[in-house]
Amino acid sequence: MMIDQELVTLSRLQFALTALYHFLFVPLTLGLSWLLAIMEAVYVMSGREIWKRMTQFWGLLFGINFAMGVATGVTMEFQFGTNWAYYAHYVGDVFGTPLAIEGAMAFFLEATFIGLFFFGWDRLGRVAHLIVTFLLALGTNLSALWILIANGWMQNPVGAEFNLDTMRMEVSSFSAVLFNPVAQSKFVHTVSAGYVLGSMFVLSISAWYLLRGRNIDLAKRSMTVAASFGLASALSVVVLGDESGYTVSENQKMKLAAIEAMWETEPAPAPFTAFGFPDLAERKTHFAVRIPWVMGIIGTRSLDGVLPGINELVEEAEQRIEKGRVAYAAMLKLRENRDDAAARAAFDANKADLGYALLLRNVVADPALASHADVQKAAVSTIPNVPVLFWSFRLMVGCGLYFIALFAYSFWLASRRELDTKRWYLKLALWSLPLPWLAAELGWIVAEYGRQPWAIEGVLPTALGVSSITSAQVLFSLCGFVIFYTSLAVIDATLMLKYVRRGPDGLGLWRDGQVPATGAAT
Amino acid sequence: MIDYTTLRVIWWLLLGVLLIGFAIMDGFDFGIAALLRVLGRDDDERRVLLETVEPVWEGNQVWFILGGGAVFAAWPYVYAVAFSGLYIAMFLLLVALIVRPVGFSYRNKLADPRWRSAWDWALTFAGFVPMLLFGVAVGNLFLGLPFRFDADMRMTYTGGFFDLLHPFAVLSGLVSIAMLTMHGASYAAFKADESLAARAGNIARFAALAFLAFYLIAGAWLAFGIAGFVITSPVTGEGPSNPLLKHVVVQGHWFASLSAHPAFWLASALAVGAAIANFAFMSARRHFAAFLASALVCAATILSAGFALFPFLLPSSLDPNSSLTIWDASSSKTTLGLMFIAVLIFMPLVIGYTAWVYSVLRGRVTLEHIRSSHGGY
């Protein structure tokens, strides 16, 4: 049976759109939850009312965003079943566990305490409420941990083996899945990105209040918190992003080579291509500007480690496809006769490459009948979209470096109590608001689009993971999601803007109606 | 170490626990949302009703999310077949389940009556649709879904959305609607302002009677009108999770498993008894007792359906041998064991802090409180 490529494309498009959309809300939840916990901790320790008001005001915006994050997350939890049913069957034994534990350990925690965060102000003591806020932040971050353990396994499928009796991957070592180095570096990189985004949100909106001369005390204090938290996080994103580059180079050499548009294997230490126009058809990069040594040092942490180029990796893929075909043929024999010792031996020797044989399913109906040209075609399909990855990565890194500079400068201004003295700075902070979202979405593209053609690296090609549904059904739901999600985005943005415009001074949140006394020391 | 058979039975029971947790906790949210316009006659009353669920619905919804995650991890075949097979129904369900959180959070955030009225309608839809769809889905389990597996374990499904609307499945949808309406109204009766309690009590009592009628008709239909599924090959709980290794025929009726395990009848008896108790307590104005009775109805109804299907999880009408049973649709022994440990650690914690949150929020949400507060955040 051939795979319906139209169905695959539509399913991938729907997954990408719903995931990118969900990821507009999640990073803000991740970052803002800690900022709320910090602000409230200052309130509990200092007893100053303004810090409580800061927590409540930013908490209100947090709530608007949180609802969208929860709502769009529902789609993600169920989409593996609706649109990727074969994926769900093939790896559910491994991939389902972190998702389930995420629900039991993390999502329950955040979702149970978010209600008390809003409704508990009058019902709980100060310390008890602070604990609620802390548990809320902890829950959201643990949630990210389990999701990234699941995602890390897609990038680097450790601790699992194929079971012939059930035709799927099954867990062999859960601790390997849990302590997957890719999952760990992705977790810290992703949550740090969320912290940067949360800090930018607070920084930009506060800057707007300062430009308007409103809520000055609240805005300045908020900016101070955001600047410190943001600077630490921005540094951590870049440092840990580098760490995740290093772990990528260990197990996803093709992704790394594609990000760098490194067509040929370079003599160590490899240069870093800072600029250029990668050309997939000709397999070369036009107008490349190269910085010697840098790539080799980042990618291998050494001066003599060699990073393989795309062409060499395609040849490697070709060999693995040939070995995978042996495993695939042996698998078919074993299905007929479980006791076929020769087939068992052939299968065991080559089963690590079984996934590569499955790549042929995109090219021919029966992998056993594939010609050499088919194998070459399948091997070439392991090259992801180089220009998109090359540019997404560079834009993301550019944003990351800019955040360090902006937050460092904000921190310097805050420590000199000059946050409200420079209008150009306030405008810059305001207009920087969309950038962390851009960087976060680009990061998703680099990580997940760069994983293609694999759903599970080296194990299951994305195209094979689809459900046995019709393109028309997916087209229906895709259009539905686009219309539905667009309206929700409009509603969310309208509400967010209305609340920001009204601001702490205009919302009537506090019954005394007073703007907090000015001049109080932080 | 626990053997594979026991682990599968444990996970079958845990699946029941999750569904029951979902029906009880999220069920009253659905009920409140669906009844919002009927029970709440003006904006203040609707705000009261909403505030009874606003602080807790997010935690309640996790029962559903966790249910999805746990089915994915423990019963991957069920996750794959049910969600892709019921594709359009799932899409509608997702839309409803997305509208609901947003509606709960956003409805009171602006004072404009048009804004609020639009969200009230959206919430009515978002409460009603899942009730109906879950009931219809359960009804279809008894009829079997049209799917089969090939040797790669790739599933094909031959039905469409409207094929789900068999009269028995629609009846099952009505059971679900009556049950969760009763549950939501019972919650409102003890949690909302006293002035709403009588109205909510009347709705609950009416729904309890409707539930009894639909539930008994469905039982009779199952006993006489719908063929059951039976495994005819030797059954082992230790074998690999491969649904194609057994032989299944369609014969007799679904109550065969109840004849084999007479204790299973208790669930059905409990469902009927608890619905009568809900009616009686509500008439005696003992609202909290009535709510507990309606929670018991939810639990017993789900148990009775699960027991009647035993050992099937998802029968196939297209190719009975492809049917998913608790003996051949689970994940590996290792995964079931690990997940069981996770449940033992986290479930008591979850139940503990959820109970604490409810105790902090105890007491009725009064009209007076709503009129003096700044809004629903």
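Here are a few worked exercises on a predicted model, so keep in mind that the coordinates are not experimental.

**Exercise 1. Find the residues of the positive surface patch, and say which element gives the largest share.**

Step 1: Look for the patch members, which are R212(A), K498(A), R501(A) and R502(A).
Step 2: Map them onto the secondary structure. Helix α17 of chain A, residues 471-506, supplies the largest share, three residues.
Step 3: Take K498(A), which sits in helix α17 of chain A. Its relative accessible area is 35%. Patch members need over 30%, so K498(A) at 35% passes that test.

**Exercise 2. Work out which strands carry the nonpolar patch made by F275(A), F277(A), F287(A) and V289(A).**

Step 1: Note the area: this patch covers about 420 Å².
Step 2: Assign the residues. The elements giving two or more residues are β3 (272-279) and β4 (284-291) of chain A.
Step 3: Check V289(A), which belongs to strand β4 of chain A. With 44% relative accessibility, V289(A) is partly exposed, because that label covers values between 20% and 50%.
Step 4: Recall a general point: side chains in a regular strand alternate between the two faces of the sheet.

**Exercise 3. Describe how β3(A) and β4(A) pair, and what lies between them.**

Step 1: The two strands run antiparallel, with six bridges. In that pairing, P278(A) faces T285(A) of β4(A).
Step 2: Follow the chain through the turn. The strands make a hairpin with four residues between them, and R283(A) in the turn has a positive phi of about 50°.
Step 3: Now pick L280(A) in the loop between β3 and β4 of chain A; L280(A) is partly exposed at 36%.
Step 4: Try a distance. From L280(A) to A329(A) you cross 49 residues in sequence and 33 Å in space, C-alpha to C-alpha.

**Exercise 4. Track down backbone oddities: where are the cis bonds before P453(A) and P311(B), and where do M167(A) and N215(A) lie?**

Step 1: Start from the baseline: most peptide bonds are trans, and most residues other than glycine have a negative phi.
Step 2: Check omega. Q452(A) to P453(A) is cis, with omega near 10°, and P453(A) lies in the loop between α16 and β5 of chain A. F310(B) to P311(B) is also cis, at about 0°, with P311(B) in the loop between α11 and β5 of chain B.
Step 3: Check phi. M167(A) has a positive value near 55°, in the loop between β1 and β2 of chain A. N215(A) has about 50°, in the loop between α6 and α7 of chain A.
Step 4: Check burial. M167(A) is buried at 4%, and N215(A) is buried at 10%.

Methods: Residues are numbered from 1 along each chain as its sequence is written. Chains are lettered from A and ligands numbered from 1 in the order in which they are written. This is a predicted model: local features need pLDDT of at least 70, side-chain atom pairs count only at pLDDT 80 or more; totals for chains, interfaces and linings use all residues. Side-chain values use heavy atoms; hydrogens and water are left out. Patches are made of residues with over 30% relative accessible area and no salt bridge: like charges are joined within 9 Å, nonpolar side chains (Val, Leu, Ile, Met, Phe, Trp, Tyr) within 5 Å. Accessible areas come from the Shrake-Rupley method with a 1.4 Å probe; for residues, only the protein chains shown count as cover. A salt bridge is a side-chain nitrogen of Lys or Arg within 4 Å of a carboxyl oxygen of Asp or Glu. Lys and Arg count as positive and Asp and Glu as negative; His and the chain ends are not counted. The place of a charge is taken as NZ of Lys, CZ of Arg, CG of Asp or CD of Glu. Buried means under 20% relative accessible area, exposed over 50%, partly exposed in between (1.4 Å probe, protein chains only). Two strands pair if DSSP finds at least two bridges between them.
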